[in-house]
Amino acid sequence: MRDNDAALVKAFRQSSPYVNLHRGSTFVVMLGGEAIAQENFPNIISDIALLTSLGIRLVIVFGARPQIDNGLAEAGLEGVFHKQTRVTDETSFRIIKDVCGGLQMDIMARLSMGLVNTPMQNARINVVTGNFVIAQPLGVDDGVDYLHSGRVRRIHTDTIHHQLSHGGTVLISPIGFSVTGESFNLSSEELAKRLAIELKADKLIGFCSQRGVLDESGVAMPELFPEQAEAALQRLLNEGDEMSGTARYLRAAIASCRGGVPRSHLVSYREDGALIQELFTRDGLGTQIVSQSAEQARQARIDDIGGILDLIRPLEEEGILVRRSREQLEMEVDQFTIIEKDGAIIGCAALYPFPEESMAEMACVAIHPDYRRSSRGDMLLHKVEEQAKKRGMNALFILTTRSIHWFRERGFEPVDVSALPMGKQQLYNYQRRSKIMIKNLV
């Protein structure tokens with residue numbers, strides 16, 4: 001098999017768990033006007049088409065800020081804003097409706113493509129639009145009348161779910177309609193947030209010019225809790241980026257997470273394939289804002305020793321784990337990662353590096369019996385793999401007597417004693433006859 005073919009097969013296999021995870025999920029995708037204006041936009045549309053073919057239910061909300069600004073400029077008009085919200089008078093609203101109508105037709109046309117030898121071949125996406133959003137005027141603030149600028153009053157969620165359940169991809173413009181027969185210019189970010197919350201979406205996805213939210217050194221932060229995202233948003237505001245796509249989306253993502261949306265993702269609209277890499281690879285290629293919970297994985301502290309002992313003692317008595325004394329645990333506590341839920345330790349694992357061979361051992365893996373049918377083991381494995389990679393380890397090995405299939409399903413391969421680091425070979429207990437399994441990390 002050629003190297004390119006092998007890489008393709010490997011990537012395809014590694015994506016399958018995420019394909020299974022996302023199938024049947026509901027995603028709200030926010031396409032800002034900046035993303036639509038990019039030369040990479042046809043690739044984004046192709047990736048969106050791929051999501052639908054994988055059984056993901058999509059609601060697409062588009063924005064038009066730069067296109068509206070251009071339309072107003074061509075008409076000799078200047079955009080008027082109050083507190084970063086557009087004031088929409090009658091003249092500008094006519095232009096805004098023309099711009100949004102044109103964009104809606106363009107997006108529908110791109111989603112309808114089916115040319116041979118393109119990613120859209122045989123896609124057959126059923127795009128549905130309608131008056132799903134009921135709006136009301138923003139009114140007057142500090143003496144400023146927002147006129148035709150509005151806010152979301154109500155969303156016909158049952159109608160949208162009906163369309164999604166029948167295979168439709170719902171496309172929603174930033175124009176909402178009122179019960180009095182009027183129409184209003186809406187914030188696409190606010191609209192996407194409300195849709196994600198009220199549809200009980202599994203994800204809210206947005207696009208920005210960078211690889212998600214960058215830290216102070218310019219490196220993308222892969223995961224943020226709402227409180228951390230608030231700090232990142234404040235930093236953007238202090239830098240004068242109130243109107244940037246990142247700041248606007250980040251505000252919507254924070255509110256969505258606090259409103260019950262489990263995960264919100266921010267990816268680059270410039271980088272081809274960023275959306276697919278974010279959703280279907282382990283490391284992703286953007287930033288996700290995740291809901292804060294009472295459960296967390298963290299490094300163990302000395303005051304966790306009692307909880308770790310309570311967790312591992314039954315497994316030691318069954319012979320599943322090698323017995324460790326309290327003194328030994330106190331000396332090795334820095335090597336342990338634990339999962340804590342409501343103050344109780346429900347999972348643990350230790351990492352013992354062998355730097356000379358660039359290998360590390362994952363040991364003392366334990367999950368409380370009440371939580372073994374969930375993904376806590378995967379959480380621990382992921383954390384331990386991250387730690388091993390940060391320490392420059394190229395491979396992770398385990399010795400197990402009972403969990404052979406579990407580790408095989410997660411990429412570990414059986415080897416013999418000779419594959420272990422020399423220091424571990426000398427300690428191997430031949431009477432215990434533990435199976436040895438190794439996973440490459442590079």
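The side chains of R298 and E340 are joined by a polar contact of 3.2 Å. This is a predicted model, and that applies to everything I show today. R298 has another polar contact, with the side chain of D304, at 2.9 Å. The arginine sits in strand β17, residues 295-299. Is R298 buried or exposed? Its relative accessibility is 12%, so it counts as buried, the cut-off being under 20%. Setting aside neighbours within four places in sequence, R298 is in contact with D304, F336, T337, I338 and E340. So both of the acidic partners I named, D304 and E340, appear in that contact list as well.

Next, the sheet. Eight strands make up an open sheet with mixed pairing, and the order is β5-β10-β2-β1-β13-β15-β16-β14. Which strands are at the edges? They are β5, residues 126-128, and β14, residues 223-224, each of which pairs on one side only. Within the sheet, β1 covers residues 26-31 and β13 covers residues 203-208; these two run parallel and are joined by four bridges. To pick out one bridge, V28 has L204 as its partner in β13.

Now helix α6. Its buried residues are T157, I160 and L164. Viewed down the helix axis, the buried residues fall within an arc of 65 degrees, so they line one face of α6. What does that face pack against? The buried residues of α6 pack against strands β1, β2 (57-62), β9 (150-155) and β10 (168-172), and against helix α7 (188-198). Three of those strands, β1, β2 and β10, are listed in the sheet order I gave a moment ago. Just after the helix, G167 takes a positive phi of about 85 degrees.

Staying with α6, which spans residues 157-165, H161 is also in this helix. H161 is partly exposed, because its relative accessibility is 25%. Beyond its neighbours within four places in sequence, H161 is in contact with R57 and L199. H161 and R57 are 104 residues apart in sequence, and their C-alpha atoms are 9.1 Å apart in space.

On to the cysteines. How many disulfides does the structure hold? The count is zero. C208 is in no disulfide, and the nearest cysteine sulfur, that of C257, is 15 Å away. For a disulfide the two sulfur atoms would have to be within 2.5 Å, so that separation rules it out. C208 counts as buried because its relative accessibility is 1%. C100 is buried too, with a relative accessible area of 2%.

Then the aromatic rings. A pair of aromatic rings is described by the distance of the centres and the angle of the planes. Searching the whole structure gives four aromatic pairs. One of them is F354 with F397, which is tilted, at 5.8 Å centre to centre and 40 degrees between the planes. The pair links distant parts of the chain, with F354 in strand β19 (residues 344-354) and F397 in strand β21 (residues 395-400), 43 residues apart. How accessible are the two rings' residues? F354 has a relative accessible area of 18% and is buried, and F397 is buried at 0%.

For W406 and F407, the ring centres are 5.0 Å apart and the planes are at 80 degrees, so this pair is edge-to-face. W406 is partly exposed, with a relative accessible area of 26%, while F407 is buried at 5%. Ring pairs link W406 and F407 with F412 into a cluster.

Last, Q425. This residue is found in helix α15, residues 422-425. With a relative accessible area of 22%, Q425 is partly exposed. Not counting residues up to four places away in sequence, Q425 touches V417, S418 and L420. Which atom does the side chain of Q425 reach at 3.3 Å? That atom is the backbone oxygen of S418. Q425 and D89 are 336 residues apart along the chain, and their C-alpha atoms are separated by 78 Å.

To recap two points: R298 is buried and counts 12% relative accessibility, and the structure holds zero disulfides.

Conventions
Residues numbered from 1 in each chain as written. Predicted model: local features only at pLDDT ≥ 70, side-chain atom pairs only at ≥ 80, totals over all residues. Heavy atoms only, no water. Pairing = 2+ DSSP bridges. Buried < 20%, exposed > 50% of the residue type's maximum accessible area, 1.4 Å probe, protein only. Contact = heavy atoms within 4.5 Å. Polar contact = N/O pair within 3.5 Å; in protein donor to acceptor, adjacent residues only side chain to side chain. Arc of directions from axis to C-beta. Phe/Tyr/Trp six-rings, centres within 6.5 Å; stacked < 30°, edge-to-face > 60°.
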